[in-house]
Amino acid sequence: MYRPGHLGVSLLAFAPIGYLLVALGSPLASVMTGGAMLWLAMLPDVDHRLPVIRHRGPTHSLLFAALVGGAFAAVGLLLASLGGASVIAELLGLGAFPGIGLAAFGFAVGFLSVAAHLLGDLLTPAGVNLFWPVGKKYTLSVTRADNTLANYGLFLLGIFAVAVAALLAFQRTPL
């Protein structure tokens with residue numbers, strides 16, 4: 001997939017999460033999650049700029065998703081150690097999630113952002129090696145990565161899914 005397709009898949013992955021966060025009374029957490037997922041949508045393609053790493057290699061794996069999630073969790077733990085986690089958790093409205101700290105929330109956002117990218121690349125014949133460094137490439141072989149219609153179709157579908165999720169969530173719990 002190209003950038004529009006990856007953004008669309010990220011929006012599709014975010015739509016139910018955003019709905020849940022708003023429905024549970026955390027609209028700011030929803031906006032922050034959506035923003036982070038869009039910001040990280042192209043992160044696995046950093047391998048295009050790294051000459052020693054093959055495209056769709058280590059950065060296109062569940063291990064990389066876990067590493068990114070771990071980096072976000074580490075930021076949450078750092079904030080907790082500095083005493084700022086409770087302020088941020090309160091600001092984001094994460095009080096609706098008893099037992100889930102800022103570190104777990106950060107891990108989920110980082111992991112899901114990369115996983116959404118992997119899902120987009122799974123749609124292409126080239127596929128991805130989800131279990132790198134062991135395993136094989138997986139593909140659903142639905143469309144070529146350079147298919148303009150598929151890329152913009154996914155983008156529009158993602159926008160539509162987020163709009164519907166927002167509409168339903170705000171009808172359920174008005175601000």
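A residue counts as buried when its relative accessible area is under 20%, and by that rule 43% of the 175 residues of this protein are buried. The legends below walk through a predicted model, one close-up at a time.

**Figure 1. The whole chain, an arrangement of 6 helices and 0 strands.** Starting at the N terminus, the elements follow one another as α-α-α-α-α-α. The contact pattern is worth a glance before zooming in: take the contacts between residues at least 6 apart in sequence, and 66% of them join residues at least 24 apart.

**Figure 2. Helix α1, with a kink at F14.** Helix α1 covers residues 3–23, which is 21 residues. At 1.5 Å a residue the helix should span 30 Å, and the 29 Å between its end C-alpha atoms agrees with that. Look along the helix for the bend: the kink at F14 is about 35 degrees and comes shortly before the proline P16. Just after α1 sits G25, whose phi is positive, at about 90 degrees.

**Figure 3. The largest nonpolar core, made of 8 residues.** Its members are F64, A65, V68, V114, L118, L122, V128 and L130. Two elements, α3 (62–81) and α5 (102–122), each give two or more residues to this core. L122 is a handy residue to centre the view on. Setting aside neighbours within four places in sequence, L122 is in contact with V128 and L130, and also with Y138, T139, L140 and S141.

**Figure 4. The aromatic pair F107 and F111 in helix α5.** The structure as a whole has 2 aromatic pairs, and this view shows one of them. How do the rings of F107 and F111 sit relative to each other, stacked or edge-to-face? Their centres are 5.8 Å apart and their planes meet at 20 degrees; planes under 30 degrees apart count as stacked, so this pair is stacked. In sequence, F107 and F111 are 4 residues apart, so about one helical turn separates them. An α-helix has 3.6 residues a turn, so residues three or four places apart point the same way. Both rings belong to partly exposed residues: F107 has a relative accessible area of 34%, and F111 has 24%.

**Figure 5. The aromatic pair F131 and Y138.** Here the ring centres lie 5.9 Å apart, with the planes at 80 degrees. Planes over 60 degrees apart count as edge-to-face, so that is the label for F131 and Y138. F131 is partly exposed at 42% relative accessibility, and Y138 is partly exposed too, at 30%. Y138 also appears among the contacts of L122, which links this view to the one in Figure 3.

**Figure 6. The salt bridge between D121 and R56.** This is one of 2 salt bridges in the structure. The N to O distance between the two side chains is 3.1 Å. Which parts of the chain does the pair tie together? D121 lies in helix α5, while R56 is in the loop between α2 (27–39) and α3, so the bridge joins parts that are 65 residues apart in sequence. Is D121 buried or exposed? D121 is buried, and R56 is buried as well.

**Figure 7. The salt bridge between D146 and R144.** The side chains meet with an N to O distance of 2.8 Å. D146 is partly exposed, at a relative accessible area of 36%. R144 is exposed, with a value of 53%.

**Figure 8. L154 in helix α6 and its contacts.** Helix α6 takes in residues 148–172. With a relative accessibility of 15%, L154 falls under the 20% cut-off and so counts as buried. Leaving out residues up to four places away in sequence, L154 touches M1, G5, G8, V9, L12 and L123. The C-alpha atoms of L154 and L11 are 9.0 Å apart in space, although 143 residues separate the two in sequence.

**Figure 9. P133 in the loop between α5 and α6.** P133 is exposed, at 60% relative accessible area. Its C-alpha atom lies 8.9 Å from that of L63, a residue 70 places away along the chain.

Technical notes
Residues numbered from 1 in each chain as written. Heavy atoms only, no water. Expected span 1.5 Å × (residues − 1). Bend = angle between axes of the 7 residues up to and from the residue. Core = buried A, V, L, I, M, F, W, Y, C linked by side-chain atoms within 4.5 Å. Buried < 20%, exposed > 50% of the residue type's maximum accessible area, 1.4 Å probe, protein only. Contact = heavy atoms within 4.5 Å. Phe/Tyr/Trp six-rings, centres within 6.5 Å; stacked < 30°, edge-to-face > 60°. Salt bridge = Lys/Arg side-chain N within 4 Å of Asp/Glu carboxyl O.
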